[in-house]
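New to this one? Here is a quick briefing to read alongside the sequence and the 3D view.

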Amino acid sequence: QVQLVESGGGLVQPGGSLRLSCAASGSGFKLGEMNWYRQTPGKEREWVATIKTGGSRDYVDSVKGRFTISGDNAKNTVYLEMNSLKPEDTAVYYCNMRASVWGGPYRDYWGQGTQVTVSS
């Protein structure tokens, strides 16, 4: 099993910045692609950003130029640096990692979610 623990959410004013972290722990796992999603009440979970094992990154259009996803393989951690935050960025943010445990097939693992609120 792989456990993901997120941190870094909170309340920030419009134009401000936050950095989310998501650390994976467990035994015998190998990480693949890492992603961030977000969800607001009454809406489906929205994909935000991806970093692939080769280092390539992709973002939903609404955050391009403002958010940066990065990974630290030594720490099994993925980050989401969020700048120039807008009220519409308010959501619960979830990290997602694809992982293989003891050589088994890759499957998805999710963090518990962290609230980001952008408000004056």
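How many disulfides does the structure hold? Just one, and it joins Cys22 to Cys95. Keep in mind as you look around that this is a predicted model. The notes below start with that bond, move on to the nonpolar core, and then visit a few residues worth finding on screen.

**The disulfide**

- A disulfide, in general, is a covalent bond between the sulfur atoms of two cysteines.
- In this model the sulfur of Cys22 and the sulfur of Cys95 are 1.9 Å apart.
- The two partners come from distant parts of the chain, 73 residues apart: Cys22 belongs to strand β3 (residues 18–26), while Cys95 belongs to strand β9 (residues 91–101).
- Turn the view to look along the S-S bond of Cys22 and Cys95: the torsion there is about 45 degrees, so the disulfide is right-handed.
- Cys22 counts as buried because its relative accessibility is 0%, and buried means under 20%.
- Cys95 is buried too, with a relative accessible area of 0%.

**The nonpolar core**

- The largest nonpolar core is made of 31 residues.
- Trp36, Val78, Leu80, Met82 and Tyr93 are the ones with the most contacts inside that core.
- Plenty of strands chip in: β1 (2–7), β3, β4 (29–39), β5 (46–51), β7 (67–72), β8 (77–82), β9 and β11 (114–118) each give two or more residues.
- Strand β9 supplies the largest share of the core, with five residues.
- Leaving out residues up to four places away in sequence, Met82 touches Gly16, Ser17, Leu18, Leu20, Arg66, Phe67, Tyr93 and Val116.

**Ser100, in strand β9**

- You'll find Ser100 in strand β9, and at 7% relative accessible area Ser100 is buried.
- A polar atom of the Ser100 side chain lies 2.5 Å from the backbone oxygen of Gly104.
- Setting aside neighbours within four places in sequence, Ser100 is in contact with Gly28, Phe29, Lys30, Pro105 and Tyr106.
- For a sense of scale, try Ser100 and Gly10: they are 90 residues apart along the chain, and their C-alpha atoms are separated by 31 Å.

**Thr114, in strand β11**

- Thr114 sits in strand β11, and it counts as buried at 12% relative accessibility.
- The side chain of Thr114 reaches the backbone nitrogen of Gly9 at 3.3 Å.
- Not counting residues up to four places away in sequence, Thr114 touches Glu6, Gly9, Leu20, Ala91, Val92 and Tyr93.

**Rings and charges**

- Which ring does the charged end of Arg19 sit over? That would be the ring of Tyr79, with the charged end 4.0 Å from the ring's centre.
- Arg45 has its charged end over the ring of Tyr94, 3.7 Å from the centre.
- As for rings paired with rings, the count comes to one aromatic pair.

Definitions and conventions
Residues numbered from 1 in each chain as written. Predicted model: local features only at pLDDT ≥ 70, side-chain atom pairs only at ≥ 80, totals over all residues. Heavy atoms only, no water. Phe/Tyr/Trp six-rings, centres within 6.5 Å; stacked < 30°, edge-to-face > 60°. Lys NZ or Arg CZ within 6 Å of the ring centre and 35° of its normal. Disulfide = S-S within 2.5 Å. Helix = DSSP H or I, 4+ residues; strand = E, 2+ residues; numbered from the N terminus. Buried < 20%, exposed > 50% of the residue type's maximum accessible area, 1.4 Å probe, protein only. Contact = heavy atoms within 4.5 Å. Polar contact = N/O pair within 3.5 Å; in protein donor to acceptor, adjacent residues only side chain to side chain. Core = buried A, V, L, I, M, F, W, Y, C linked by side-chain atoms within 4.5 Å.
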